[in-house]
Amino acid sequence: MISPFTLITTSLYIFFSVVILSLLFSRNQRLLVYSVFPLTSFASLLALIAGIWIVQYGITESWIILMGLPDLPFHIRLDPLSGFFLTLIGALGFIVSVYSIGYVKAFIGHRPVTSLAIFYSLFLAGMFMVVLADDAFFFLISWEVMAAASYFLVMFEDERTENRRAAFLYLVIAHIGAIAILLSFGLMAGFATGFESFNGYTFDAMRHASFPPHWAAVTFFLAFFGFAAKAGVIPLHVWLPEAHPVAPSNVSALMSGIMLKTAIYGIIRVTFDLIRDFPWWWGAVVMILGLVSALLGILFALQQQDLKKLLAYSSVENIGIILVGIGLSMTFASFHSPVLSALALTAGLYHTFNHAMFKGLLFMGAGAVLHATHERNMEGMGGLIHRMPWTSALFLIGCISISALPPFNGFVSEWLMFQAFLLSPALPSTLLNFLIPMGAALLALAAALAAMCFVKAFGVTFLGQWRGQHHSEIHEVDWFMRIGMGMTAIACLCLGIFPTAMIRWMDVIAAGFVGGELSESAGAFGWIWLTPISHERASYSGPIVLLGLVGIVALAFLLLHARRKTIHRGPLWDCGFEKVTPRMQYTATAFSMPVRRIFGFYFHIRERKESKHLLDHKAFIKSIRYTLKTRDRFWGWLYQPVVDASFWISRKTGKLQKGRIQVYLIYSFATIILLLVLLR
Amino acid sequence: MSVSFAAQLNSVLAALILLTAFGLLAQRRIYGLLHLFAWQGVFLSISTAVVGYVAGQQHLYISSILTLAIKVIVLPYILHILIIRLQIHKEVETVINIPTTMLIGIALVIFSYHLTSPIRELSTLVTRSTISVALATVMLGLLMMITRKHAVTQIIGFLAMENGLFFAATSATYGMPLVVELGVALDILIAAFIFGIFFFHIRTTFESLDVEQMARLKEED
């Protein structure tokens, strides 16, 4: 009998057997790559099917697995929310695993990939288990499996100091977050069955708990803090731009695409499912933090010259957008407007899915570029469109999607988000009526800056002329990688063109949590028109926009090629000058200069110009050297003091260490005597 | 042998154990330490047997024989061999001078009597009066480890402390279960071997068995 449950357990069995398999095959690295990654992609596919199935039929079932500690069995539960995230993780896991065959193959001969294969499958398995877990115990174990596995993946190329530093920072922040989550679950379990018994550790008991209002707020914000640390919400984002760039690119795609989303899952699970009843200001706080993350994230992204770092900061922005949707939904839900709440939640979840797809695509594209050029700094790239036409075209699709331009998917979710914003005057609170439109404006600004950021990313990397050396070695990537990127690109397009189908599919989640349904109104005019609330208010049709775009492009192409004259191709970026060298091109730093001038306050900028003169006269400049360092200020504001304080404390405690046995014995002796006196 | 006689005998043995503990604190020569330690083992062994007889606990006889074998014969023998191999003839140096150490030791004994007074009132065992002596022996052993510089004397201090613990177990609860006592005895034996190996390493590294030399291991800042 095939059921979602059997599919997902089979998938987990495959993941765990892959771990053993990779140990067995570690002698033959090629066989390892060609067996491990197809298997993980198959396992992800099974989970994907299970996820689609669960959400489609709105299945809610739970099981008890007799594993774990005595008297504390693991509980797992399938419901539409976990089904949605199973679909998400399964989809990207499937695609990235296909991509990984090509990507990891390149490591063979340079370094052993056994550890990569092991932790890759553990990482995926951990993420699946997180969304399946139905008790705090199993949830935290899965959460830690996921965190530990991804730590080792970030550490994969551990001979470089920056990788070790990034991985350590990631581990520290992940664990601070995990402690907060643990405390929050502890509180919930305590309010469910009392602090003396262990029975409250199941989510089912927590669902029936009643919280005193203040403690509910403490519980929620502890959990939110913990999940925000994982999601990279500003100011807890510092690990993200460190860890994502140094991980292998297939791993960064997974980390950014789906690992951050498990935190979103956690927030939704705790808020809408476990606590259920919340005042409006929780939603407002979530929304404000989301807005801050969205705006600052994209501003920081604009300042990056490292392609993967840029993408990492852009993940901060997108997590912010998702949180805005969730926060808005919480606010609407607390004012009992189910339809609006459902709209905002759907927009948030839709963006979650979209971000997984296009950020997966972009990280895979960055990986392809890295694979071909061995370069992460955009200032050393350029003109790759000639050498890597497939990658360029697919990366461009990712850029368009993330910039929220129709007909791709980013547009749909952000448009839904704005619809939710624009309907907020229906709320009975004047404060919110005043604040929410400002939020909409900030979100619009973030969206515009995102477009600018990806014009930069694509333009500097792929257009113009090659800026570095050894041009001839650059080549297009193999078919596995192209297929991987191609599948995400197709997903981006489909999610952009058929939003009504998607919304109808996932409507059951919002219906279950906030009691509102969109599918009737959203699909009132068939699959072509998306009308979230009513057609008088707003409507969007992906297919028609696509047709229009295709028509215009075809027309332009025909007009260009219908002429008799052959098309003359001149040197690139010549601009009428002659002898333009690649170094004279517009650079990434230069492109983001206006933003640096306007929003300079948010950055820690160190700009230096040095010029050498001939004959020691200012008029005869021999060479100019320009260096620019931009860092985000949060490190100095929040983290540096903590780092300094912990070093100060360790130095002080270090004085206790005299290196003499007698002194150590006196310490224990004094402790014993003291305890005996005090506890007599 | 009546119960009250046994209790008195036990008290005498406890006093002797305490006396040897003070002797360990005061003794300067290393062979003297070794003999005192062996005597402490003898008293402990007899005391255990007496308690076993009074309480009718058969397994205490086994403990008693084990104590005799390990703490009176095997361990002193190992330490003796060590002392010969390592060619230790010198007098033992102390960190604090001996009269001060003795005064601290007396204070500790008074403290442990004060500490165990509620237990003595509540307990019904014949051995209840010796709990404070046992606790004092533990503390004196620790004090000996603190005040001595030489590695071998520290080991003797450690073993004396273990004697105190063993005595405490016998006098407070008529001994631990036999399995635990066997395990502890084995641990002590293995610890002695490990210490022996360590001594050789310490001496080859520092050319001395003075543990003060180990301060050189500390990280410079």
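User: A salt bridge is a side-chain nitrogen of Lys or Arg within 4 Å of a carboxyl oxygen of Asp or Glu, so how many does that rule find across the interface of chain B and chain A?

Analyst: Across that interface the rule finds 0 salt bridges. This is a predicted model, in which local features need pLDDT of at least 70 and side-chain atom pairs count only at pLDDT 80 or more, while totals for chains, interfaces and linings use all residues. Residues are numbered from 1 along each chain as its sequence is written, chains are lettered from A and ligands numbered from 1 in the order in which they are written, and side-chain values use heavy atoms, with hydrogens and water left out.

User: Okay, and which helices of chain B each supply at least two residues of the side that touches chain A?

Analyst: They are α4 (98-122) and α5 (131-147) of chain B, where helices are DSSP runs (H or I, at least four residues; strands are E, at least two) numbered from the N terminus. The most comes from α4(B), with 6 residues.

User: How many residues does each chain bring to the contact?

Analyst: Chain B brings 20 residues and chain A brings 14 residues, contact meaning heavy atoms within 4.5 Å. Together the two chains bury about 1500 Å², with 72% of it on carbon and sulfur atoms; buried area is the accessible area (1.4 Å probe) that two parts lose on being put together, summed over both.

User: New topic: how many salt bridges are there over all chains?

Analyst: A search of the whole structure finds 15. One of them joins A:Arg77 and A:Asp79, with the closest N and O atoms 3.0 Å apart.

User: Are A:Arg77 and A:Asp79 buried or exposed?

Analyst: A:Arg77 is buried at a relative accessible area of 16%, and A:Asp79 is buried at 4%, since buried means under 20% relative accessible area, exposed over 50% and partly exposed in between (1.4 Å probe, protein chains only).

User: Which pair links distant parts of the chain?

Analyst: That is A:Glu242 in helix α9 (residues 240-246) and A:Arg165 in helix α6 (residues 161-193) of chain A, 77 residues apart. Their salt bridge has its closest N and O atoms 3.5 Å apart; A:Glu242 is partly exposed at 26%, and A:Arg165 is partly exposed at 45%.

User: What about helix α18 of chain A, how far apart are its end C-alpha atoms?

Analyst: They are 26 Å apart, which agrees with the 27 Å that its 19 residues (479-497) should span, the expected span being 1.5 Å times one less than the number of residues. Its buried residues include A:Met481, A:Met485, A:Cys492 and A:Leu495, and among the helices covering the buried residues are α3 (80-105) and α21 (542-562) of chain A.

User: And where are the cis peptide bonds?

Analyst: One joins A:Ile234 and A:Pro235, with omega about 10°, and A:Pro235 sits in the loop between α8 (213-231) and α9 of chain A. Another joins A:Pro406 and A:Pro407, with omega about 5°, and A:Pro407 sits in the loop between α15 and α16 of chain A. Most residues other than glycine have a negative phi, and most peptide bonds are trans.

User: Then which residue in the loop between α12 and α13 has a positive phi?

Analyst: A:His336 has a phi of about 55° although it is not a glycine, and A:His336 lies in the loop between α12 (307-334) and α13 of chain A. At 69% relative accessibility, A:His336 counts as exposed.
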